[in-house]
Amino acid sequence: MEFLAIFLILGTLILLLFVIAVYQIKSAGMNVKDFWTFIKANDTLDKLYAFSEKYEKLSPQQQVIFLHEAEAVFDAFDKVPNALWEDEYTKYMEILGKYKDIKILRWQDASK
């Protein structure tokens with residue numbers, strides 16, 4: 001009986017915390033789906049940053065993958081307030097710079 005009472009109290013507490021988190025996200029002007037996408041994109045940003053630091057030259061296939069992943073990160077970051085990701089600004093700008101460089105290289109190769 002005590003186990004059931006503890007389980008119900010913990011379940012209610014977890015549900016209450018979930019509702020509060022959703023309320024906070026909504027009050028910030030975001031959708032929960034956009035926030036979740038941002039969390040995953042933030043992880044992807046870290047991986048892209050490490051990848052761009054490690055590899056100076058990318059093969060055409062790696063460039064396409066990098067561009068696709070970077071675009072997904074940019075889309076996710078655009079949907080949340082800037083204050084939420086100001087700590088990641090330098091990484092974001094590094095990836096944006098690399099993204100622009102690859103786009104220019106691919107454009108130059110395509111125009112040849």
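Student: Why does serine 27 count as partly exposed?

Tutor: In this predicted model, serine 27 has a relative accessibility of 48%. Buried means under 20% and exposed means over 50%, with partly exposed in between; at 48%, serine 27 therefore counts as partly exposed. The residue lies in helix H1, which covers residues 2-27. Its C-alpha atom is separated by 39 Å from that of methionine 1, 26 residues apart along the chain.

Student: How do you know that the span of helix H4 agrees with what should be found for its 23 residues?

Tutor: Helix H4 covers residues 89-111, and at 1.5 Å a residue its 23 residues should span 33 Å. The expected span is 1.5 Å times one less than the number of residues. The end C-alpha atoms of H4 are 33 Å apart, so the two values agree.

Student: How do H2 and H3 fare when their spans are set against 1.5 Å a residue?

Tutor: The 23 residues of H2 should span 33 Å, and the end C-alpha atoms of H2 are 33 Å apart, so H2 agrees. H3 has 19 residues and reaches 27 Å from its first C-alpha to its last, close to the 27 Å expected.

Student: Which residues of these helices are buried, and what covers them?

Tutor: In H4, the buried residues are Tyr92, Ile95, Leu96, Lys98, Tyr99 and Ile102. Their cover includes helix H2 (32-54) and helix H3 (60-78). In H3, Gln63, Phe66, Leu67, Ala70, Val73, Phe74, Ala76 and Phe77 are buried, and what covers them includes H2 and H4. In H2, the buried set is Asp34, Phe38, Ala41, Asn42, Leu45, Leu48 and Ser52; these residues pack against H3 and H4.

Student: What makes the pair of lysine 47 and aspartate 43 a salt bridge?

Tutor: The closest N and O atoms of lysine 47 and aspartate 43 are 3.4 Å apart. The cut-off is within 4 Å, and the pair at 3.4 Å forms a salt bridge. Lysine 47 and aspartate 43 are separated by about one helical turn, because they are four residues apart in helix H2. An α-helix has 3.6 residues a turn, so residues three or four places apart point the same way.

Student: Is each partner of that pair exposed or partly exposed, and why?

Tutor: Lysine 47 counts as exposed because its relative accessibility is 55%, and the limit for exposed is over 50%. Aspartate 43, at 40% relative accessibility, therefore counts as partly exposed.

Student: How many salt bridges does a search of the whole structure find, and which residues are linked in a network?

Tutor: The search finds three salt bridges, and Asp46, Glu88 and Lys91 are linked in a network. Aspartate 46 pairs with lysine 91, with their closest N and O atoms 2.8 Å apart. Aspartate 46 lies in helix H2 and lysine 91 in helix H4, so this pair ties together parts that are 45 residues apart in sequence. Lysine 91 also forms a salt bridge with glutamate 88, where the closest N and O atoms are 3.7 Å apart. Both distances, 2.8 Å and 3.7 Å, meet the requirement of within 4 Å.

Student: Why is glutamate 88 called buried, and why are aspartate 46 and lysine 91 called partly exposed?

Tutor: Glutamate 88 has 16% relative accessibility and so counts as buried, the limit being under 20%. Aspartate 46, with a relative accessible area of 30%, is therefore partly exposed. Lysine 91, at 23%, likewise counts as partly exposed. Glutamate 88 lies in the loop between H3 and H4. Leaving aside its neighbours within four places in sequence, glutamate 88 is in contact with Asn42, Leu45, Asp46 and Phe77.

Student: How do you know that aspartate 34 has no salt bridge?

Tutor: Aspartate 34, which is found in helix H2, is buried, and the nearest side chain of opposite charge, lysine 79, is 4.2 Å away. A salt bridge requires a separation within 4 Å, and aspartate 34 has none. Aspartate 34 is nevertheless in contact with Lys79 and Val80, leaving aside its neighbours within four places in sequence.

Student: Which residues line the largest pocket, and what is its volume?

Tutor: The largest pocket has a volume of about 220 Å³. Its lining consists of Ser52, Glu56, Lys57, Leu58, Gln63, Lys98, Asp101, Ile102, Leu105 and Asp109. H4 gives the most to this lining, with five residues.

Definitions and conventions
Residues are numbered from 1 along each chain as its sequence is written. This is a predicted model: local features need pLDDT of at least 70, side-chain atom pairs count only at pLDDT 80 or more; totals for chains, interfaces and linings use all residues. Side-chain values use heavy atoms; hydrogens and water are left out. Helices (H or I, at least four residues) and strands (E, at least two) are DSSP runs, numbered from the N terminus. Buried means under 20% relative accessible area, exposed over 50%, partly exposed in between (1.4 Å probe, protein chains only). Contact means heavy atoms within 4.5 Å. Lys and Arg count as positive and Asp and Glu as negative; His and the chain ends are not counted. On a 1 Å grid over the protein atoms alone, a cavity is a set of points where a 1.4 Å probe fits but cannot get out, and a pocket is an open set with protein on both sides within 12 Å along at least five of seven lines; lining residues have an atom within 4 Å of a point. Grid points are joined across faces, edges and corners, and a volume is the space filled by probe spheres set on the points.
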